[in-house]
Amino acid sequence: MLSRTKIENFNKKFDVVSVFIEHDGEILMLHRQDDKPQGNTWAMPAGKVNDRENLLDALVREVEEEIGVKIKHKEYKYFEGYYVRYPKFDYIYHVYHLPVLKKPRIDLKMDEHKNYKWIKPKDALKLDLIPDEDMCIKYFFNL
């Protein structure tokens with residue numbers, strides 16, 4: 001369950017950062033390996049924030065690890081944080097936006113993702129997305 005407002009008895013275990021990397025009306029979506037949690041689903045670049053790591057440092061690290069692209073902190077624009085409840089834990093999901101003038105060269109970390117695509121947000125809603133990713137797309141792009 002994803003919520004814009006704090007969920008009753010919310011007990012945050014960790015934070016996750018994610019980013020809509022957008023070029024010319026398309027966003028970058030990554031296809032998760034089958035053996036990963038929520039395997040064989042699509043999601044934007046994202047990952048857990050490590051202990052004593054700030055959100056932007058985590059985002060820069062995750063983007064570099066997942067797609068091989070190093071982007072400066074100041075390029076990312078914070079959008080919104082969501083309260084997320086899974087059956088065994090709660091976390092905050094921080095969504096950023098990164099508009100780019102040209103598509104970066106993507107070098108996937110193949111142990112995590114098996115493919116990627118640039119896709120219009122409304123078409124991304126037709127993909128088999130990780131839980132609640134559809135809501136993030138709808139909120140951000142007003143769909």
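Contact, on this tour, means heavy atoms within 4.5 Å. Keep that in mind each time a residue is said to touch another. One more thing before you start clicking: this is a predicted model.

**Stop 1: the whole chain**

Start with the cartoon view. You should find three helices and eight strands in the protein chain. Trace the chain from the N terminus and the elements come in the order β-β-β-β-β-α-β-β-β-α-α. The radius of gyration is 14 Å, close to the 15 Å that the globule rule gives for 143 residues, so the chain is as compact as a globular protein of that length. Along its principal axes, the C-alpha trace spans about 45 × 35 × 30 Å.

Now switch on the surface. The accessible surface is about 8,000 Å², and carbon and sulfur atoms account for 48% of that. Buried residues make up 50% of the 143 in the chain. If you like to colour by charge, there are 25 positive and 25 negative charges, and their mean positions lie 2 Å apart.

A word on how the chain meets itself: take the contacts between residues at least 6 apart in sequence, and 70% of them join residues at least 24 apart. The next stops show some individual contacts.

**Stop 2: Y91**

Select Y91, in strand β7. Is Y91 buried or exposed? Its relative accessibility is 9%, and the cut-off for buried is under 20%, so Y91 counts as buried. Show its contacts, skip the neighbours within four places in sequence, and you get F10, K12, F14, V16, Y82, Y83, V84 and Y86. For a distance to draw, try Y91 to K48: they are 43 residues apart along the chain, with 9.7 Å between their C-alpha atoms.

**Stop 3: Y93 and the largest core**

Move along to Y93. Leaving out residues up to four places away in sequence, Y93 touches V16, S18, M44, A46, E80, G81, Y82, V84, E133 and C136. V16, Y82 and V84 may look familiar, since they also turned up among the contacts of Y91.

Y93 belongs to the largest nonpolar core, a set of 23 residues. Which residues have the most contacts inside this core? They are F20, M29, Y93 and C136, so to speak the ones to show as sticks. The elements giving two or more residues to this core are β2 (12-23), β3 (26-32), β6 (77-85), β7 (90-99) and α3. With four residues, α3 gives the most.

There is also a second, separate core of 20 residues, and L28, L59, V60 and I106 are among its members. Give it another colour before moving on.

**Stop 4: C136**

Go to helix α3, residues 133-141, and pick out C136. With a relative accessible area of 1%, C136 is buried. Beyond residues up to four places away in sequence, C136 touches L2, F20, M44, Y82, Y93 and V95. Then draw a line from C136 to G25: the two are 111 residues apart in sequence and 16 Å apart in space, C-alpha to C-alpha.

**Stop 5: V63**

Next comes helix α1, residues 55-67, where you will find V63. V63 is buried too, at a relative accessible area of 1%. Apart from neighbours within four places in sequence, V63 is in contact with V19, G68, V69 and Y76. From V63 to I21 is 42 residues in sequence and 9.9 Å in space, C-alpha to C-alpha.

**Stop 6: loops and the tail**

Select K120, in the loop between β8 (113-119) and α2 (121-124). K120 counts as partly exposed, at 36% relative accessibility. Setting aside residues up to four places away in sequence, K120 touches D24, G25 and E26. Its C-alpha is 22 Å from that of Q33, and the pair are 87 residues apart along the chain.

Then check the backbone at Q38, in the loop between β3 and β4 (42-43). Phi of Q38 is near 55°, a positive value in a residue other than glycine. At 31% relative accessibility, Q38 counts as partly exposed.

Where does N142 lie? Look in the segment after α3. N142 has a positive phi as well, near 50°, and is not a glycine. N142 counts as exposed, at 68% relative accessibility.

Notes
Residues numbered from 1 in each chain as written. Predicted model: local features only at pLDDT ≥ 70, side-chain atom pairs only at ≥ 80, totals over all residues. Heavy atoms only, no water. Rg over C-alpha atoms; globule rule 2.2 N^0.38 Å. Buried < 20%, exposed > 50% of the residue type's maximum accessible area, 1.4 Å probe, protein only. Areas by Shrake-Rupley, 256 points an atom, 1.4 Å probe, with all protein chains shown as cover. Lys, Arg positive; Asp, Glu negative; His and termini not counted. Charge placed at Lys NZ, Arg CZ, Asp CG, Glu CD. Core = buried A, V, L, I, M, F, W, Y, C linked by side-chain atoms within 4.5 Å.
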